[in-house]
Each structure stands twice: as C-alpha cells, then as structure tokens.
Amino acid sequence: MRELRIKHDRVAVEVNLSIIKKSDYGSCRLKDGDRSEIVNFVGGGQWKTS
C-alpha cells in the first residue's frame, strides 16, 4: 500500500479471501500466487425521508 500511496485508515484488505487486520498491515507480505483485494471506503449520497 505504501508503494501505491494508499492511506490505510480508509481501506479494507483481503489476501486469499481472508481479511487482514489493520495492525498486521506492516508485517503482511505477499507471496507468489497470493490474490489480494483493497477496498476503499467512499462516503457520500443523500438520505431521503418520506
């Protein structure tokens, strides 16, 4: 994430279908064949009441 300049406080990270704890981001290393996904949280929208 450092190389991609992604702020870790607004994302969820999954490696091989397992969620990685934020406290483990610094020690988690990807190996050949690992599959990862980084999901960025985006706010916005409008709440409408009837």
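Two strands count as a pair when DSSP finds at least two bridges between them. With that in mind, welcome to this predicted model, in which an open sheet of three strands runs in the order β2-β1-β3 with antiparallel pairing. The model also has a pocket, the largest of which holds about 550 Å³ of space. Here is a short tour, topic by topic.

**The sheet as a whole**
- Strands of a sheet pair through backbone hydrogen bonds, either parallel or antiparallel.
- Here the pairing is antiparallel, in the order β2-β1-β3.
- Because β2 and β3 stand at the edges with a single partner strand each, one side of each has no neighbour in the sheet.
- From one strand to the next, the twist averages 30 degrees.

**β1 and its partner β3**
- β1 and β3 run antiparallel and are joined by five bridges.
- If you want to find the pairing on screen, look for A12, which stands opposite V39 in β3.
- V11 is another handy marker, standing opposite N40 in β3.

**β1 and its partner β2**
- Strand β2 covers residues 18-20 and runs antiparallel to β1, with three bridges joining the two.
- Across this pairing, V13 of β1 stands opposite I20 in β2.
- β1 and β2 form a hairpin with two residues between the strands, and N16 there takes a positive phi near 50 degrees.

**The two faces of β1**
- In a regular strand the side chains alternate between the two faces of the sheet.
- β1 shows this alternation: V11, V13 and V15 point to one face and are buried.
- A12 and E14 point to the other face and are not buried.

**The largest pocket**
- Which residues lie closest to the centre of the largest pocket? They are M1, R2, Y25, C28 and R29, out of 15 residues that line the pocket.
- β1 (11-15) and β3 (36-40) are the elements that give two or more residues to this lining.
- By class, the lining has nine nonpolar, three polar and three charged residues.

**How confident the prediction is**
- For the protein chain, the mean pLDDT is 87, and 98% of the residues reach 70 or more.
- Among the elements, β2 has the highest mean pLDDT, at 95, while β3 has the lowest, at 91.

Key: Residues are numbered from 1 along each chain as its sequence is written. This is a predicted model: local features need pLDDT of at least 70, side-chain atom pairs count only at pLDDT 80 or more; totals for chains, interfaces and linings use all residues. Side-chain values use heavy atoms; hydrogens and water are left out. On a 1 Å grid over the protein atoms alone, a cavity is a set of points where a 1.4 Å probe fits but cannot get out, and a pocket is an open set with protein on both sides within 12 Å along at least five of seven lines; lining residues have an atom within 4 Å of a point. Grid points are joined across faces, edges and corners, and a volume is the space filled by probe spheres set on the points. Helices (H or I, at least four residues) and strands (E, at least two) are DSSP runs, numbered from the N terminus. Ala, Val, Leu, Ile, Met, Phe, Trp, Tyr, Cys and Pro count as nonpolar, Asp, Glu, Lys and Arg as charged, and the others, Gly among them, as polar. Buried means under 20% relative accessible area, exposed over 50%, partly exposed in between (1.4 Å probe, protein chains only). Axes are lines fitted to C-alpha atoms, for helices over the stretch in contact, and angles run from 0 to 180 degrees between N-to-C directions. pLDDT is the predictor's confidence in each residue, from 0 to 100.
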